[in-house]
Structure formats: structure tokens, C-alpha cells
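User: Please take a close look at the unusual backbone spots in this model, and explain the terms as you go.

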Amino acid sequence: MSGGAVQHAPQRLLLVEFAATDRFHRALLFPFVLGYARAAGRAARWLRFGVPAAARAGGRDEGVPLSGADEARLRGTARVFDPDLVLFHQTPSAGVRRAAAAGGRATLAVLADGGTVGTRPGRFRRLDLARTPLDAVLGLRDPSVRGTGLFENVEPDYGFEAANEAAETMDPLPFVFLGEECTYDRPFRANRFLADLSLAGCLRRGGCAFCGRPEGRRWTTSPPVLLRRQLAAIDRTLPGTGGRGLRVRLLGEAALRHVGAVAREALRFRRRPLRLLLDARVDRLLAAAEPLRAALRALDGSGVRLELSLLGAESFGTAALERLNKGLRPEQTLRAIRLLFELEREFPAGFGFREHGGLSLLTMTPWTTPAELALDLAVVEALGLESLVGKLFTGRLRLFPGLPLVEAARRDGLLVRRYADPRLDTARRNLYETELPWRFARPEMESLGRILVRLEADAATASDPLSRRVAELAGALGRGVTPRSVAAALAMTDAAMRAAASGRKPGPAALLRAAASGGASRDEAAAPRHETWVRHAEWRGAAAEPGRLPLSVLLDHKPAIKVEPLTATECDRFRRDPELPHVRARRRGGGAGGEAWEVFLGRRARDVVAAAELAERIERARPGPELRDAVTRMGLALGYPQCCARAFARERPPLVDNVFWLHVARRVAIPGRVPAELNPLAPWLEYVPCSAACRASLARARRMIRAWGAEGRRQLERCRHPVLLFREIQGQAVELEPLDEPGERFRYRAGVAGGAGPLVEAVRRGDELVLDHELTLVLRRGRPLAALSARAFLWWHERPLQAEFWRAMVEVLRARGPEPRAAAAPEAAAATPFARDTAGLLAALRRRRLRCAGFVLESWGASGPDGVRVALVAPGDRVELDLFPRRPGAPAFLEAGAFRLTYPTTRPLDSPARLAAARAFAAALAAAAPDHDDDDHDHDHDDDRDHDHVGRPR
Ligand code: SF4
């Protein structure tokens, strides 16, 4: 067969599917093959075996295996049904082939439709409908089912038989075809990276260079008609879904292009709840934004939900996207992410994008450089996208015959016979066809790639030596994609770059050491997030240093001065300093912020008291007008212009949590020159002006410069230099004294620096800065030393740099709301006695409409085997807390009655409002359940079924 004709006209057809229980892999052609075969009078059956995506991992066979029991079931069916043609949608293992051939006369083949399925030569018989159409396979002559006719003219039959327990319980997830899968077709010839290749053996002439879909075909039936017909077939033939509702995946970009008609068809369809899953290219999604909104409005309250199942971002780097021939700019991807956040907020019941994959990134290809990898990691970290990029560490390019990138890898000598490290074979672990192994062009990427794939959640069971060492690290970081694991990956990438800059190839041990010692902020690990401790001696010494604004000038221009964050010891030093007027200290968050203190001081005691009282008020205030008013008043109390204080109070939490972002937002908002006086590193600018050209701030700065005299004028000259602002710690910055005209590439000498850390140190050691689209590189003698992309912004008064990229980043942050219901449904929390009792208590608190410093109790669900995770929400904000039984010595952020409270590292309590909400919740919990005795609890719970409706834990 292998593309040729079947030797006889099959009368009995058996379809065998390996449906991934934990992925979307389904046999897309089978409903149409089954429908046509039955309509043509053939006996036909479709067996679905549910298999884990990692079914091929660890084995040598290139085909998909089945368990012994499943093989026996297949063998039995083959004997009884006695098919003369058995079709698979993926290459089967030798054992499965033997079982399927048990009838004794069947021809076996893997069914393809012009794509990459079964394309590795000599592996298994391949029946390609693009060459041998279905009518010919069945010994008929029927041109109406050739090409797209198979989908446009055949009544599909979704009547699979669940052949094992997994298939019975898994989501059936039928697919419907609405037209051409994707019309993106930028010619490979137009791409300089691919232009010199011989592409004769490739599947297509254009599109993404890693895409395995076949050459495009012309469809004639309208998408709504196709949808109606296939939904009707689903209704008629799909086995029941056990009351779970129905999910249907829509294939073809027409789904978005005709989203209004899709919504109308969905409203006519009777099954509820109904979830329609769509894929999208970033540019197609952006183009469909308004029709999509209109469709979601039409679907509101109907029980139909639209979900974006995967958004192919691939990379945040221009050069990497170009190699993939993706035809996108990173800013478009960022705009698409912003749109997803907006839609999620506008239509919480009708739209989602997180559950089925989120963003797909190809973080590692044979040509990926450490700087490009660092960019992807840094964007994920900066925007808090960890929960949307589950495959961040395993996003390796998979090469299959017929792809232009195979030819590019061959040209560059990057194809290898096999992977020396089997964990690099991600196709084998994800139920994809066998991939062609490759290596990195950059040797420093090898160890990095081997470690990153082992950070994946499902790598926990691997037992090779490197996996064991990574497991130790992962034990400290949390496995999978978390803020800490992303920071560790960045630290390793930085270490790989530093080693390469010195001509070394870093080994896994060196990289793991770098990850363990952490990234830029580890010296300050105990400091509050985005901040660094202030020390009295340095503050007082600095105030007297040339280049630092004298205390007297500060006191003359500010009713109150605030110094933060301080440890208790440092706070004491401020209090005991006799030269500081009216020092008033307070512990942040009333102690809920750990050991972070702050002091206020000023010439007039009443101004200082007022400022300290405002700080209390801000911590207690609920988000909304009350909080905005208090924040504005605080700005005025600290001597900021009114316009700036008001503007700060209006900003959303992600931007004010770390004022780095506000500086970026203000600078990129103005395309041209702004006053050098408002350089963020200027000694007289201790706040973020409402605009990078704010007149009131400029007047204030000039007053302070005049008051400072000659030194003020000298400092103003420095402010004309570009300055690198670092994202991780607010206030961390390095002045660059330019040796050439500043711009996208210039030589420099490091000047004044605020803060410390590996990136600051790299800038000090470097001598040249390169801004290439969104990449920011520090060079030393022409060699890359560090990648600062998405981690440092070059502020320059003459013009904004990388403006489009940073503007898009800021807009994503502005659009970010709280994540929707991460917590599971209440019933899910009732798995243990503790969880059941706690759920009862929480239900009672919610009935009482509990408010916690402006947050309301939204939902709760299980957190690990013995905890309960609670979600508190406020407009634009969310707090999550984990509740556990209180036990002596167990770690806790807060203790409340019988409970100890912690919070997930992915949701730090890093703002006064969140801290106040957590404390208020803990107090309410303690008041509602004061007497819980955990030791008794385990024994008593069986008698507790009729506990009162308050559900007090015992
Ligand atoms: S956008 Fe998706 S479907 Fe279209 S060519 Fe690229 S990878 Fe293929």
C-alpha cells in the first residue's frame, strides 16, 4: 500500500483509535470514514482505546502500544469481526499489529491525509487519502468524496465503541471541520533563513516552517452549513457523555471568521452545557476581536461557552519567529494576550482560554540562543503567564519528514542519529509520530535543554542521575512552570551565557548550582517582593554624599519622608537617630507583612502623624474610591504634585506593585523627547510622575535643583545619560555614560548604580549595549555577556527605545485581572473530614456575605491531600489562601483558631490590600471556629454528619 491502492475491495472495515486521555489527540478522519463506509453498505466498526499521552515513553517500539488486556480485546474483536482492512490513525506497535491481524486476512495501514502522519520511510504501511481517495480504497468510484469532498459531502458517524475503561470515561471530544484549517501561507522562498533550501520533498510551499498540515485545499460549503450538519451527526451518533455536557472542537480558521454564525448554530443545537473549542493564529484572533465580542454577548447566559484551546505564540523574539516563518511580530502576540484577558473579564461565564493549553511556545529549536530563551522566560515572568504556558520547559521543536526546518537542520548539520538523552524525545512522551532527533547549534544550550525538560511536572518519576539532581532542585522550587522555577531557569540561562562569554561550555552541575543559588534577587531573598532593604547607615551616609540629595533639601520640599522597607533592627536605628525629626515607625500590614517596617519623618510632627495614619488607612481600605482617596492623600503628604498622586491612585495593581512598570508606561507613552529632569534615577525624583513630561513635576524638580546649587546642576547633566531600569527590584538602575550616540547599539561606561545583583554586575562589566527589536544584550569586547530583555528598560530622555514592545507589555499588565476560579467546586473540598468541615464553615461565612478588607469570599476547593484553598476576590484583584489543620511546628503565614494559613507562591500577598484581606479573613475564621481540636477531629468526623449549618470544625 504505502500510498498505493488496496488490492481488493474491503467489505469489513475496522478502525482502531489511540485516543490520548490527557491530550487532544483524536482520529479526526474516522467519523467520515465510518460514515462513508456504512453508507456504502460496508460492515464497519470503530474501536477507541484511551491511552495516556506518554504511552510510547520508555519503549523501543516506534508504534503506540496497548496494555495486554487491551491487546486481548483487540485480538478478540479482530477474530470475531474478521475485518479485511484495519486502519489506524497513528502507527501501532508490533504487538498491536499482531492483535489486529488475528482475524487472519486483514490488510493493516495507518491512515493519513497528506500530513506528517506515518511519513518516516519504511516504518509501517501508510494509506494516504491525498493519493488514494476513500472511494478507491473501498473499490468504488465516487469523485464526490475526494479531497475536501470527504468532509463536505459525507455524513459523518461519530459512533465509536469504547474499547477500554479509559475510553469509556474520557471526554469524547468530537471534532468538526469548518473549512481550511489555516490559510496562512507566507512562502518559504520569501524567508531568508529558508530561501536557499531544496524544498522539493516538503509537504507545502508556505506557512509555518514547523507545521505538518497538508497543502491547502479549496472548500466550497459554507462553514455554518458544515457546522450544522456535523453537530446534527454528533447529536445522532455520538455515544452519551454521561451528563458531563459536551465539548466540541472546531477545526478551521473559518470558526473565528464566522464566529457570529457559529454562535447562532450553537444556540440552535439542543445539548447543554456546550463548550466549543477554537484554535487561532494570533493575527486571526486580533482581526476577529469585535465579532468575537458580539458572539459572546449573543451567547451570554445560554449555556454555551467559547474556549480558545491553543494560541500559537511560539516565541516572543522576532528572530526566532522569523526562522519559524511564523509571520508574526511579538507585539501582536502580546496584544492577543491582552485581548484574552479582557474577554475573560468581560465574559467570565462565556469565554475561557486557560483550560485547554493556553499559549504554546517553541522555546527550544536547533537554532535557539540562550538570549532568545532568556527573552521567552523573562516575558513569562514579567507578565505572570506561568499558568498559561504549561509546556514552557518542554517546548522543543519536533521535526518530521516533509518540514522545511528538517532541510534547514540538515543544511546546518544539526540532525543527529538519535538522542543521547532519551528525555529530549518529547514526541515519544506526547503521543506524536516518531520525530527526527536534532542538536543545538549553540553548545551552551545542550545542558540547559536537558535540565529544562526535567523540570516538567511529569518528569518526577524519571530516575536517571540528572533527573534525580533536578528532582532535588524541583523539590525546592516546585515542579512544573511556577514563578520560582521560571526564575531558576533564567538563572541557569544567565549562567550559560556567562560561561559561553568566557569560552566555556557549562555542564549540568554548574547550571544547577546557579539555579540553586537563585537569580538576581537572592541576596535580598528575605526582602518584600520587588524591594530591597534600606539600611540606616547607608541612607544617612548617602544623604551626605555628593550626588545624593541633602536631607535638608528633602525636608524643605516634603511634608513627610517615608523610608521603607526596614527590618526591625534598622527601624530602631532610625528611631534612635537624634538628627532625624519626628521619626514615627510602623510595622507594615500590622505584622501580616512579616518583619517589614517603615518610618516617616518630617519637619512638622502633625504632617508625619498624618502620613503614618494614611498608611494605616491604605492597608485597611477596600479597593475602590476609598482606597484611591487615601493613596492620593498619601502622595500629597509626601510632597508629590497632585496630578501625579491622583494618577498613581488610579493605576491598576500590577503596575503600582512595582513602579518599574509605571516608569516604562510613562516613557513609552511619549514618542519624542521628555525633560531630562524627570530621569527616574534623578536624585530629586522619588515618585513616578503622571507623565514623563509632567509640568508640575518639572517645576518641582527645578526648584530642588536650584536649592541644591552647583551640585544640582552637575546632577542634571548626568540625567541626560540613558539609564537602565531593572524590573525585578524597583529602584535598581544603572546610569550608562555613552561613548557613542545612544540608540539601538552604543558603547558605554557604567556610571551611578542603584542596587546590586548579577544583571547589574554584568552591566558594570560590559562595554556595549545592543537593543535588537525586543532583545537587550550587554556585550563585552563584542561578545554577549548577559541578556536583559524584558528585565531591564533603557530610559532615555531623547526618545523611547523598544517602545512598541514595552507598550504592549504594559497593556497586558493593565488588562490583567484576577484569574477566574482557580479553586475547585465546593463539593471537591469534601474529600477529608477537615476539608468537609471547613467547607461547611466557609459556606456559612459566604452566606453571611463575609467581607475581608474589601474582598469577598468567592470559592474554595481542595489544596493537596489535606488542605483547602480559598479564593477572595475584589474588583481587579484576587487573594488565594491555603487552610490546613493547625499543628505545632508546622509552617504558617498566619494562624487562626484551629487553622494555619499559607498562600501559594504563585499568588504572593505582595500588596497592602492583599495582606489586609488575608488578615481580615484569618480573623473571621478564628471568630467563627475558635475551638477546633485537630487531634479529636479524625475520630469524631463520622458522627458529624448532622453538624449545625455553620459547620464548625471540631
Ligand atoms: S498558523 Fe498553525 S496551522 Fe497555520 S501554518 Fe502556522 S502552525 Fe500551521
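Analyst:
Backbone exceptions

His 773 is exposed, because its relative accessibility is 51% (buried means under 20% relative accessible area, exposed over 50%, partly exposed in between, with a 1.4 Å probe and protein chains only). The model is predicted: local features need pLDDT of at least 70, side-chain atom pairs count only at pLDDT 80 or more, and totals for chains, interfaces and linings use all residues. Residues are numbered from 1 along each chain as its sequence is written, and side-chain values use heavy atoms, with hydrogens and water left out.

His 773 is not a glycine, yet its phi is positive, about 50°. The loop that holds His 773 runs between strand E19 (768-772) and strand E20 (775-780); helices (H or I, at least four residues) and strands (E, at least two) are DSSP runs, numbered from the N terminus.

Asp 82 also has a positive phi, near 55°. This residue sits in the loop between helix H2 (68-81) and strand E3 (85-88). Asp 82 counts as partly exposed because its relative accessible area is 24%.

Two peptide bonds that lead into a proline belong here as well. The bond from Arg 272 to Pro 273 is cis, with omega near -10°, and Pro 273 lies in the loop between helix H9 (259-268) and strand E9 (274-280). The bond joining Glu 564 and Pro 565 is cis too, with omega about -15°; Pro 565 is in strand E13 (residues 561-566).

Such spots are singled out because most residues other than glycine have a negative phi, and most peptide bonds are trans.
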